[in-house]
Amino acid sequence: MIVALIIACEVGFWVLLALGLALRYLAKKPRLGAAVLLCEPLMELVLLVVTTLDLKNGAAPDWKHGLAALYIGYTVAYGHYTIKWLDGHVAHRLAGGPKPAGPGYGKARAVHEWKLWIRTVVAAAVALGLLQTAIWYVGDAGDVSSLEAWQLGALRAVGIHALIAATYTIWPKKAPAGAEEPPALAKTER
């Protein structure tokens, strides 16, 4: 049941996102679109409650509970960022808004990658907190090795993402010939 709920939350995230943006830009109802987008966190709250109730009702902690914790952590850290990113692109395509700036090249790209890494740290911290709470809740009554494995997985993801961000710092991505300088970089170097 938890896996089905995680899938439903993921599908629901994209359905609500599409509906919210369609209301905002196609139906010209920005307030209603914003209200739909504000429903996004409710799905994660439902997932958290159902996962907690599953453990409370005596379910053995396993990979499903760990996946739920990581999913919640990811959506806490990256959910708003994803909505804002997609909103900028939809506004550009459907409402004549300015073209969203990309991550850029060189130093600007490295800074962008480190900001994404910070989001990954936040996602891992939320997941680690939820997993540790579940471990304490289960206590000696059950095998929590699966939840501990998910904690290590979250830490591994932080480490791998740090290596990726470091590569952009050590070997900065160069702009292709004839490419425009990103606006953020132009402002900081002048």
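**Helix packing in an all-helical chain**

In this predicted model, helix 1 (residues 2-26) and helix 4 (residues 63-95) have axes that come within 10 Å of each other and cross at roughly 15°. Because angles under 35 degrees count as roughly parallel, helix 1 is described as roughly parallel to helix 4. The crossing in which helix 1 passes helix 4 is right-handed. As for the residues that form this contact between helix 1 and helix 4, 20 are nonpolar, three are polar and four are charged.

This pair of helices belongs to a protein chain with seven helices and zero strands. Followed along the sequence, the elements of the protein chain give the pattern α-α-α-α-α-α-α. The C-alpha trace of the protein chain spans about 65 × 45 × 20 Å along its principal axes.

The contacts within the protein chain can be considered next. Of those that link residues at least 6 apart in sequence, 73% join residues at least 24 apart. The contact of helix 1 (residues 2-26) with helix 4 (residues 63-95) brings together two separate segments of the sequence.

The final topic is burial and surface. The protein chain has 190 residues, of which 35% are buried, where buried means under 20% relative accessible area. The area exposed by the protein chain is about 11600 Å², and carbon and sulfur atoms supply 69% of that area.

Technical notes. Residues numbered from 1 in each chain as written. Predicted model: local features only at pLDDT ≥ 70, side-chain atom pairs only at ≥ 80, totals over all residues. Heavy atoms only, no water. Axes fitted to C-alpha atoms, helices over the stretch in contact; angles between N-to-C directions. Helix = DSSP H or I, 4+ residues; strand = E, 2+ residues; numbered from the N terminus. Parallel < 35°, antiparallel > 145°, perpendicular 65-115°, else oblique. Left-handed = near helix turned anticlockwise from the far one by under 90°. Nonpolar A, V, L, I, M, F, W, Y, C, P; charged D, E, K, R; others polar. Buried < 20%, exposed > 50% of the residue type's maximum accessible area, 1.4 Å probe, protein only. Contact = heavy atoms within 4.5 Å. Areas by Shrake-Rupley, 256 points an atom, 1.4 Å probe, with all protein chains shown as cover.
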